[in-house]
Amino acid sequence: MTQRLLVVDDEESIVTLLQFNLEQAGYEVATAMDGASAFQLAKLQQFDLIVLDLMIPEMDGLDVCKQLRLNKVMTPILMLTAKDDEFDKVLGLELGADDYMTKPFSPREVVARVRAILRRVGQVQKDPESQETDEAMIRVGEVDIYPENYEVLYKNEPMDLTPKEFELLLYLANHKGRVLTRDQLLNAVWNYEFVGDTRIVDVHISHLREKIEPNTKKPIYIKTIRGLGYKLEEPQING
């Protein structure tokens, strides 16, 4: 089945360029040139990935991303921007974007990045290091992970995770009890060099903690190992 993408940018030349190259790569591409249109399309139609410019009219890319996540639309988002600003980059990821590219970029680079994201999403349940995930549910405390269904339950209630949050949680669970450095997590979950930006890992760890930790200031699942990284472990239940 052909994968469907939504390309959103207010510069017609960029939309045309990306649409042409992505269609040449075998994808079906819909387009929008403002945030309000993009939000409605993404909310009402099924897409495999959204390429979303940050500076667009009516609703900017950050607002679109935020509103989609609030409406439980967890489609992977590759955010584009002319700003080479660390604040915008981190804020976009905090609001639920999965990846980030700064203009100018080559169409080939965008196609490669899109392929990498879709490959990670499609292969997350086939991690060669975690054979037990092919058939079995993984349970850590009150968190149940179903890799084949791309689903997580917390206290028997479905959790709304972005694709990247799911991949990070699954990787931590597959290595439960092991200390993993930020670089290890970055390379394993993001699958390529993200300019050594381990802050991305911290942002997603924070998101996971907000969703599974009873008290984010005293986490019982995802522990910070000072000077090293993170570790997922079975929570110690008092009493």
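Two strands count as paired here if DSSP finds at least two bridges between them. Keep that in mind as you click around, and remember that this is a predicted model.

**Stop one: the three strands late in the chain**

Select residues 143-146, strand β7, and then add residues 151-154, strand β8. The two run antiparallel and are joined by 4 bridges. To see how they line up, show Val-143 as sticks: Tyr-154 of β8 stands opposite. Now look at the hairpin that links β7 to β8, with 4 residues between the strands. Pick out Tyr-150 there, which takes a positive phi near 55°.

Next, add residues 138-140, strand β6. β6 pairs with β7 too, in the antiparallel sense, over 3 bridges. Ile-138 and Ile-145 of β7 face each other across this pair. The hairpin of β6 and β7 has 2 residues between the strands, and here the one to click on is Gly-141, with a positive phi near 60°.

**Stop two: the parallel sheet**

Hide those strands and bring up the open sheet. Which order do its 5 strands follow? Reading across, you get β2-β1-β3-β4-β5, with parallel pairing. Colour β2 (28-32) and β5 (99-102) to mark the edges, where each strand pairs on one side only. Turn the view and you can follow the twist, which averages 20° from one strand to the next.

Zoom in on residues 4-8, strand β1, beside β2. The two pair in the parallel sense over 5 bridges. For a landmark, select Val-8 and its bridge partner in β2, Ala-32.

**Stop three: a helix on the sheet**

Now show residues 61-70, helix α3. α3 packs on the sheet, where it touches β3 (49-53) and β4 (77-81). Compare directions with β4: the angle that α3 makes with this strand is about 165°.

**Stop four: the helix pair**

Keep α3 on screen and add residues 35-44, helix α2. The two helix axes come within 10 Å and cross at roughly 25°. Angles under 35 degrees count as roughly parallel, and α2 and α3 are therefore roughly parallel to each other. The crossing of α2 past α3 is right-handed.

Finish with the side chains where they meet. On α2, select Gly-35, Phe-39, Ala-42 and Lys-43; on α3, the contact is made by Val-64, Gln-67 and Leu-68. Colour these by class and you should find 4 nonpolar, 2 polar and 1 charged residues in the contact.

Conventions: Residues numbered from 1 in each chain as written. Predicted model: local features only at pLDDT ≥ 70, side-chain atom pairs only at ≥ 80, totals over all residues. Heavy atoms only, no water. Axes fitted to C-alpha atoms, helices over the stretch in contact; angles between N-to-C directions. Parallel < 35°, antiparallel > 145°, perpendicular 65-115°, else oblique. Left-handed = near helix turned anticlockwise from the far one by under 90°. Contact = heavy atoms within 4.5 Å. Nonpolar A, V, L, I, M, F, W, Y, C, P; charged D, E, K, R; others polar.
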